[in-house]
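Q: Could you take one part of this model and look at it closely, namely how its charged side chains pair up and what surroundings those pairs sit in? I would like a single connected account that I can follow along the chain.

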Amino acid sequence: MYLFKNWEIFQPNYRGAGDVLVSGGRIAAINTDIELPNKLAIEVIDGSGHRLTPGFIDVHAHIAGAGGDGGPSTRTPELTLGALIDAGVTTAIGCLGLDGYTRSVASLLMKAKALRADGLSSWIYTGSYQIPPPTLTGQVATDLAYIEEIIGVGEIAISDHRSSGATVTELVQLAKSAKVGGMLGGKAGIVHLHMGDEPDPFRPMLEAIEQGKLAPGSFYPTHVNRNSGILDDARFLDEATPIDLTASVQPDGRPLGKSISPSEAVVKLLTNGIDLERITLSSDACGTIPIFDANQNLTGIGVGQPDLMLAELIRMVRNQDIPLEQALCLVTANPARILLLPSKGRIEIGCDADLILFDKDFSIRYLMANGVMMIADGKRLKFGLGETT
Ligand code: ZN
């Protein structure tokens, strides 16, 4: 058992100073002053007024590697346990991406199982950029129904020169398959959409919703800050459609290509009247960051990193004056609600004990995943196979 005493608690909503008791991997009590008998074996961690937040949920991470846009040498490696922990990510949602041909849903699933075995939480989307999507069981619906780790399908590419050119009818069929599979398996059954740079980017999705009379919230577009056109058009989406922003930036920290930094994009979305509850932020970690010129010629390749989420979160608070409790929602409560992960993303009694304890400068002092301490006193305690630091 652990007792976190005297922490500023963000649930992510700010609760005030208080204590949090962790027992059996879950949050057992939250109160202003929890006193327990001395004879209980409890590790007490004094917060001295520092911040305690839920662990981050990364809704779009290429945990098993991705890429290949620029040939075999641009294939990216698997995401390491250490990289996730150091970034504050306690729940990683994996996806394949462009390469659903030489990479497989099977290897993605096994990577999610590996992260679980190492103590984190992980789920995946079946499929890849293309339609029909690669699956494990032959159908999206049965993948969702049979396989606990599969919660949706994606990232399906639309409005991108690298997409498979899916028709509206194919998108409708995919969304219906995901929805029914989600119903059977008790999952979100959502279609995670990769948004490309082509004009009028949401058109295939909006036409599919109309043609298929799809339930609101069937699609979950990502990379919505890819360019100002997509970001502007997001105001035309129905109120049930979540919006994911990508934290990837160029190696020198500048926004990628024509993209808008997530911290600025959040302000724009809120100004356009979009509810904060619909917005999430993900890393695109281990995805390649293809840099194209105006003629779609590849001019460089970067690799997404999971710690960009935390960096963008800090920028939201420091540069855009977004309150921390609101910025935190993008990587905690919002993705948990959108992806139907009820024990994740909140500091509430009964939720999984996924916690980050930040110093005043936002460096991670402690990190707990499912009640197991992963970082203590600023030092990582857990290492993946082959990791030494
Ligand atoms: Zn993508």
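**Charged pairs and their surroundings**

A: Lys344 is buried, with a relative accessible area of 2%, and since this is a predicted model, that value, like the others here, is computed from the predicted atoms. The partner of Lys344 is Asp354, with which it forms a salt bridge whose closest N and O atoms are 2.8 Å apart. Both residues belong to the loop between α10 (333-338) and β16 (355-358), so the bridge ties together parts that are ten residues apart in sequence. Asp354 is buried too, at a relative accessible area of 4%; because the cut-off for buried is under 20%, the values for Lys344 and Asp354 both fall within it.

This pair is part of a wider set, for the structure holds 21 salt bridges. Another of them joins Lys5 and Asp19, with 2.4 Å between the closest N and O atoms; Lys5 sits in strand β1 (residues 2-10) and Asp19 in strand β2 (residues 14-23), 14 residues apart. Asp19 is buried at 2% relative accessibility, and Lys5 also counts as buried, with a relative accessible area of 18%.

The bridge between Lys111 and Glu78, at 3.3 Å from N to O, reaches across a longer stretch of sequence: Lys111 is in helix α2 (residues 105-117) and Glu78 in the loop between β6 (56-61) and α1 (81-86), so the pair connects parts that are 33 residues apart. Here the two partners do not share a burial class, since Lys111 is buried at 10% relative accessibility, whereas Glu78 is partly exposed at 43%. Both of these charged residues are touched by Ile63, whose contacts beyond four places in sequence include Glu78 and Lys111, as well as Leu79, Leu108, Ala112 and Ile124.

Ile63 leads from the charged pairs to the nonpolar interior, as it is among the residues with the most contacts inside the largest nonpolar core, together with Phe56, Val191, Leu193, Phe219 and Leu245. That core has 83 residues, and helix α8 (residues 308-319) gives the most to it, with seven residues. Because domain 1 (2-53 + 345-380) and domain 2 (56-338) both contribute residues, the core lies between them. There is also a second, separate core of 19 residues, which includes Val20, Ile30, Leu52 and Ala353; Val20 follows the bridged Asp19 in sequence, and Ala353 precedes the bridged Asp354.

How is the contact between the two domains made up? Domain 1 and domain 2 bury about 1800 Å² between them, 70% of it on carbon and sulfur atoms. On the domain 1 side, Pro12, Phe362 and Arg380 supply 31% of the area buried against domain 2, more than any other three residues. In terms of contacts, 21 residues of domain 1 meet 23 residues of domain 2, while the C-alpha centres of the two domains lie 29 Å apart. One salt bridge is found across this interface. The side chains of Arg380 and Asp86 meet in a salt bridge at 2.9 Å, N to O, and by the domain assignment Arg380 falls in domain 1 and Asp86 in domain 2.

Directly after Arg380 comes Leu381, in the segment after β19 (379-380). Leu381 is partly exposed, at 45% relative accessibility, and is 9.5 Å from Gly82, C-alpha to C-alpha, although the two are 299 residues apart in sequence. Beyond its neighbours within four places in sequence, Leu381 is in contact with Met373, Met374, Ile375 and Ala376.

Charged residues are also joined in a group: Asp69, Asp160, Arg162, Asp197 and Arg226 are linked in a network of salt bridges. Along the chain, several members of this network have metal-binding residues as sequence neighbours, for the zinc ion is coordinated by Glu155 (OE), His194 (ND1) and His223 (NE2) at 1.9 to 2.2 Å, and Asp197 and Arg226 each come three places after one of these histidines. The donors follow the spacing E-x38-H-x28-H, with His194 in strand β10 (residues 190-195) and His223 in the loop between β11 (219-222) and α6 (228-233), 29 residues apart. Like the bridged Lys344 and Asp354, His194 and His223 are buried.

How values were computed
Residues are numbered from 1 along each chain as its sequence is written. This is a predicted model: local features need pLDDT of at least 70, side-chain atom pairs count only at pLDDT 80 or more; totals for chains, interfaces and linings use all residues. Side-chain values use heavy atoms; hydrogens and water are left out. A salt bridge is a side-chain nitrogen of Lys or Arg within 4 Å of a carboxyl oxygen of Asp or Glu. Helices (H or I, at least four residues) and strands (E, at least two) are DSSP runs, numbered from the N terminus. Buried means under 20% relative accessible area, exposed over 50%, partly exposed in between (1.4 Å probe, protein chains only). Donors are N, O and S atoms within 2.8 Å of the metal (3.2 Å for Na, K and Ca); water is not among the atoms, so sites may look incomplete. A nonpolar core is a set of buried Ala, Val, Leu, Ile, Met, Phe, Trp, Tyr and Cys residues joined through side-chain atoms within 4.5 Å. Domain bounds come from an automatic or database domain assignment. Contact means heavy atoms within 4.5 Å. Buried area is the accessible area (1.4 Å probe) that two parts lose on being put together, summed over both.
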